[in-house]
Amino acid sequence: MSYIDKLVAQVLLVVKTFGLDEITPVILSNGGNLIIHLAPYSIVARLANVIALEETNIAYKRLIRELQIARHLQIKNVPVLLPTDLIDAGPHNVDDTWMTLWNYVPPIELQQPSPSESAELVSNLSIAMKDFSEELPVLGVWERTRRSAERLMKNSDPRIQSLLEMFHEIDKKIRLETNNLIPSHGDAHAGNLVPSTDGWIWTDFEDGSLMPAYWDLASFVGNLALFNGFQDPTFSYMLSNKKVIADSKAFTFALTARILMSTLGNLDYAFEGYGNLEFATQQLELAGDFISDLDQIT
């Protein structure tokens with residue numbers, strides 16, 4: 001029996017204690033989290049893929065925070081994926097990792113949000129997050145990339161070394177202004193918008209952190225801008241709209257940091273055997289020139 005099969009079996013044992021039986025588990029995703037639809041129930045189990053046992057406490061706190069953020073955003077009328085209310089949403093201990101339980105959203109086709117709709121979705125999310133009063137890690141998602149940067153120092157690729165130089169410059173600046181950090185989703189890219197019968201809804205709140213201004217907007221357009229350039233419709237719309245981005249300097253800083261974080265983090269994970277090396281390499285090929293062009297244009 002594989003490790004994943006053992007985890008699934010443990011999940012079924014846990015939910016059986018709440019009266020859920022005769023389940024057909026359907027694995028929806030197995031990346032940073034293992035996500036399982038507990039058919040026929042409208043419940044999805046989300047398990048943190050913990051690499052080391054000493055990280056279980058960190059994973060537990062992260063999942064608690066994710067539940068808190070989802071419920072906060074619901075109160076603020078932001079469209080979000082919600083924890084299940086059919087049984088205790090958790091976190092529940094499963095074979096030395098932690099599981100939370102969420103509503104199942106059946107897959108449907110939706111037209112991609114327009115640039116203005118995208119800007120509104122992210123802006124409303126960011127405004128609602130500013131009122132989140134529970135504890136959030138300072139630079140939480142950034143700290144994870146700092147550890148990636150330390151591991152990549154041994155890599156001889158000159159492109160990686162160039163990005164690391166940029167990263168360390170940004171890192172110094174970002175730590176000088178921690179008093180100005182604001183509550184953020186942390187990873188508000190388009191992949192964390194899920195199509196539902198109620199429209200597009202936000203999910204994946206585990207990276208909630210105190211981050212620089214415009215972090216969520218930068219997260220949303222980071223890869224769009226990196227792969228499509230300045231002509232990307234959503235990036236172009238946001239950059240030219242003062243109601244969306246009032247401070248272009250602050251936005252440029254956040255976008256530069258976000259692209260560095262994504263590129264270096266993805267490279268590190270791929271080299272460690274956990275990520276998509278082809279995608280990370282594509283980011284690497286584009287990131288240096290894009291950041292230089294961004295500095296000149298904005």
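Long-range contacts dominate the fold in this predicted model: of the contacts between residues at least 6 apart in sequence, 67% join residues at least 24 apart. The chain that makes them is built from 9 helices and 9 strands.

What about overall size? The C-alpha atoms fit in a box of roughly 60 × 45 × 35 Å along the principal axes. The radius of gyration comes out at 20 Å, and since a compact globule of 298 residues would be expected near 19 Å, the two values agree. As for burial, 48% of the 298 residues count as buried.

Turning to the inside, the largest nonpolar core holds 65 residues. Leu-73, Trp-142, Trp-202, Phe-251 and Leu-255 are the ones that touch the most other members. Helix α8, which runs over residues 248-271, gives the most to this core, with 9 residues. Phe-251 has quite a list of partners: leaving aside residues up to four places away in sequence, Phe-251 touches Tyr-214, Leu-217, Ala-218, Val-221, Phe-235, Leu-239 and Ile-245. Apart from the largest core lies another one, of 17 residues, including Val-8, Ile-23, Leu-38 and Val-94. In soluble globular proteins, nonpolar side chains tend to be buried together.

On the outside, the chain exposes about 14,900 Å², and carbon and sulfur atoms supply 50% of that area. Charged side chains come to 22 positive and 38 negative. The centres of these two sets lie 6 Å apart.

Methods: Residues numbered from 1 in each chain as written. Predicted model: local features only at pLDDT ≥ 70, side-chain atom pairs only at ≥ 80, totals over all residues. Heavy atoms only, no water. Helix = DSSP H or I, 4+ residues; strand = E, 2+ residues; numbered from the N terminus. Rg over C-alpha atoms; globule rule 2.2 N^0.38 Å. Buried < 20%, exposed > 50% of the residue type's maximum accessible area, 1.4 Å probe, protein only. Contact = heavy atoms within 4.5 Å. Areas by Shrake-Rupley, 256 points an atom, 1.4 Å probe, with all protein chains shown as cover. Lys, Arg positive; Asp, Glu negative; His and termini not counted. Charge placed at Lys NZ, Arg CZ, Asp CG, Glu CD. Core = buried A, V, L, I, M, F, W, Y, C linked by side-chain atoms within 4.5 Å.
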